[in-house]
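Please load the model in your viewer, switch on a cartoon representation and keep a selection prompt at hand. The tour below moves from the whole chain to single side chains.

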Amino acid sequence: MEEELRWRVTLITSKSGSRITGSLSMSPKNQNSWLLRTQQWLSCVGANILLLTQAFRRKFIIPDFEVFASNMDQLYYSTQRQEGGHVADYIPQLAKFSPNLWGVSLCTVDGQRHSAGDTKVPFCLQSCVKPLEYAIAVHEIGTEHVHRYVGKEPSGLKFNQLVNAKLLQHKNTVLKGIPSSSLQPNSNKAERFDYVMEYLKKMAGTEYVGFSNATFQSEKETGDRNFAIGYYLKEKKCFPENADMIAALDFYFQLCSIEVTCESGCVMAATLANGGICPITGERVLSAEAVRNTLSLMHSCGMYDFSGQFAFHVGLPAKSGVSGAVLLVVPNIMGIMCWSPPLDRVGNSVRGIHFCQELVSLFNFHNYDNLRHFARKLDPRRLSLDDRNKSVVNLMFAAYSGDVSALRRFALSAVDMEEKDYDSRTGLHVASAEVFQSFFITAYIALSIRWGNTPLDDARQFGRDGVVSVLTEYQQMYLCNNGSQSKTEDQRKLDSEGCGLS
């Protein structure tokens, strides 16, 4: 017996952008044959049945994902032309990245995915890990405990500036690892790191999350300013009781050195956008309270001392890092990870900031965009009127030609089988006039066009005796059982003719 090869197959529904992953066995002789047995198909799609149902019925948060992805590509390429900024060099390991690298990935709350550019290149989260560790801390030990040591006000100062103790508590307790110093207090350093890593992997839907030891060592060797701030905080009693400041800083450097790609990072952002539930695995990773608090802080102080400008112009929660990453959350819609190493004077990615600004200029994603009256922006959440017109035309043509497979597909895709044209004509009217009898069980036979004709009238007018017989039988089976209900004139007409009632 020949040894079977295990093939990992990724099925991508092109218009939804969603990924369904499964595995199947294939003989070496049949590597070009993709004929699946029923059991193989079920094993491949069984865990994704809800996703498939949404795809077929076009019930995703962004129904026309193909058009949306095209718009995102245009934003990507227009932003790619942006120049300026400098790659961070105060951490030597970061200075090795090319300034030409530029990638954008997005993941919606339904698991729709799109990427453009250098989205598979690993890079360190740096400060983008701070809201994630804050969310984990709030989820595990509660808001009240965390905010004994963490403030809520942005300082408006440079992220590593030495200032008075009160401002330091507001500014740096979120940023310098104090929330994580309360996590797993009885664990050693390795166990604590693994604990946070497991959370991050869950947020990323088990996609790539790694660690750069070279960056970690580089951070420690050049972390004098962080050590100075840490000692000052320790003197002013800003750390939790019995917390080891050196261990907390070491842990902070480790977390900043965690690696992701744009593709895995956008899933983390989408988990925040989805209220703490990973859209890829469906697992609840964070509590709703932890996500709400995290997004609130990201909105007010996530972009260093550009946070006010970002909140004003973009209006979305985000966090940047000196690696060139921007973690952007569009609540209840999607998460986006942008990455380009060149930074502006305040430490934000030049291309990342420009992309976010262009995004909300094109789409009504700003938190305070009016969704009803602001027509100049696109709303990708809405189906266009063209889609409704196309569905009516497709339904009519399928009924006219007797395409039973197409009619079944429309019904299973949640298409309204009673859609009407400009004359209030339904597909059933068309099918009745053309002697095709496959449409009848999918629509209500008493519907009339604006001239007053029901499908039964059309069948009689065109001499379709077989259709008349089927409609009459249907009427006797279903309509006669509803005698106690009020009837329209058309229903009474059908009753009198088919049920022998006066």
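What follows is a sequence of selections, each with a description of what is to be found there.

**The whole chain**

Begin with everything displayed, and bear in mind that this is a predicted model. The cartoon of the protein resolves into 21 helices and 12 strands. Of the 502 residues in the protein, 51% are buried. If you draw the contacts between residues at least 6 apart in sequence, 65% of them join residues at least 24 apart. With a surface switched on, the protein exposes about 24700 Å², and carbon and sulfur atoms supply 50% of that area.

**The nonpolar cores**

Next, hide the surface and select Leu200, Leu272, Leu286 and Met337, which are the residues with the most contacts inside the largest nonpolar core, a set of 61 residues. Which residues does Leu272 touch, once those up to four places away in sequence are left aside? Selecting its partners brings up Leu132, Met203, Leu286, Val291, Leu295, Met298 and Val329. Another core, of 32 residues, lies apart from the largest one, and Phe65, Met303, Val326 and Val346 are among its members. As background to both selections, nonpolar side chains in soluble globular proteins tend to be buried together.

**Aromatic pairs and a cluster**

Now show the aromatic side chains, among which the structure holds 14 aromatic pairs. Zoom to Tyr76 and Tyr77, whose ring centres are 5.0 Å apart and whose planes stand at 80 degrees, so the pair is edge-to-face. The two partners are covered to unlike extents, since Tyr76 counts as buried at 4% relative accessibility, whereas Tyr77 is partly exposed with a relative accessible area of 49%.

Move on to Phe193 and Phe211, where the ring centres are 5.3 Å apart and the planes lie at 70 degrees, so this pair is edge-to-face as well. Colouring by secondary structure shows that the pair links distant parts of the chain, with Phe193 in helix 8 (residues 189-203) and Phe211 in strand 7 (residues 209-211), 18 residues apart. Phe193 counts as buried at 12% relative accessibility, while Phe211, at 30%, counts as partly exposed. Before leaving the aromatics, select Phe65, Phe68, Phe363 and Phe365, which form one aromatic cluster.

**Charges over rings, and a positive phi**

Select Lys202 together with Tyr199, and look for the charged end of Lys202 over the ring of Tyr199, 5.9 Å from its centre. Then select Lys319, which lies over the face of Tyr304 at 4.4 Å from the ring centre.

Stay with Tyr304 and inspect its backbone: phi is near 55 degrees, a positive value in a residue other than glycine. Tyr304 is found in the loop between helix 13 (288-301) and helix 14 (307-313), and it counts as buried at 10% relative accessibility. A further positive phi, near 50 degrees, is found at Gln126, again a residue other than glycine. Gln126 belongs to the loop between strand 6 (123-124) and helix 4 (129-141), and is buried with a relative accessible area of 3%.

**Cysteines**

Select the cysteines next; how many disulfides does a search of the whole structure find? The search finds 0. Cys128 illustrates the point, because the closest cysteine sulfur, in Cys256, is 9.7 Å from its own, too far for a bond. Cys128 is buried, with a relative accessible area of 0%, whereas Cys301 is partly exposed at 29%.

**Two helix residues to finish**

Select Ser264, which is found in helix 12 (residues 262-273). Ser264 is buried, with a relative accessible area of 0%, and its contacts, not counting residues up to four places away in sequence, are with Ala204, Glu207 and Tyr208.

Finally, go to Tyr231 in helix 10 (residues 224-235). Is Tyr231 buried or partly exposed? Its relative accessible area is 47%, so Tyr231 is partly exposed. Leaving aside residues up to four places away in sequence, Tyr231 touches Met245 and Ile246. A distance label drawn from C-alpha to C-alpha between Tyr231 and Ile246 should read 8.8 Å, for residues that are 15 apart in sequence.

Technical notes. Residues numbered from 1 in each chain as written. Heavy atoms only, no water. Helix = DSSP H or I, 4+ residues; strand = E, 2+ residues; numbered from the N terminus. Buried < 20%, exposed > 50% of the residue type's maximum accessible area, 1.4 Å probe, protein only. Contact = heavy atoms within 4.5 Å. Areas by Shrake-Rupley, 256 points an atom, 1.4 Å probe, with all protein chains shown as cover. Core = buried A, V, L, I, M, F, W, Y, C linked by side-chain atoms within 4.5 Å. Phe/Tyr/Trp six-rings, centres within 6.5 Å; stacked < 30°, edge-to-face > 60°. Lys NZ or Arg CZ within 6 Å of the ring centre and 35° of its normal. Disulfide = S-S within 2.5 Å.
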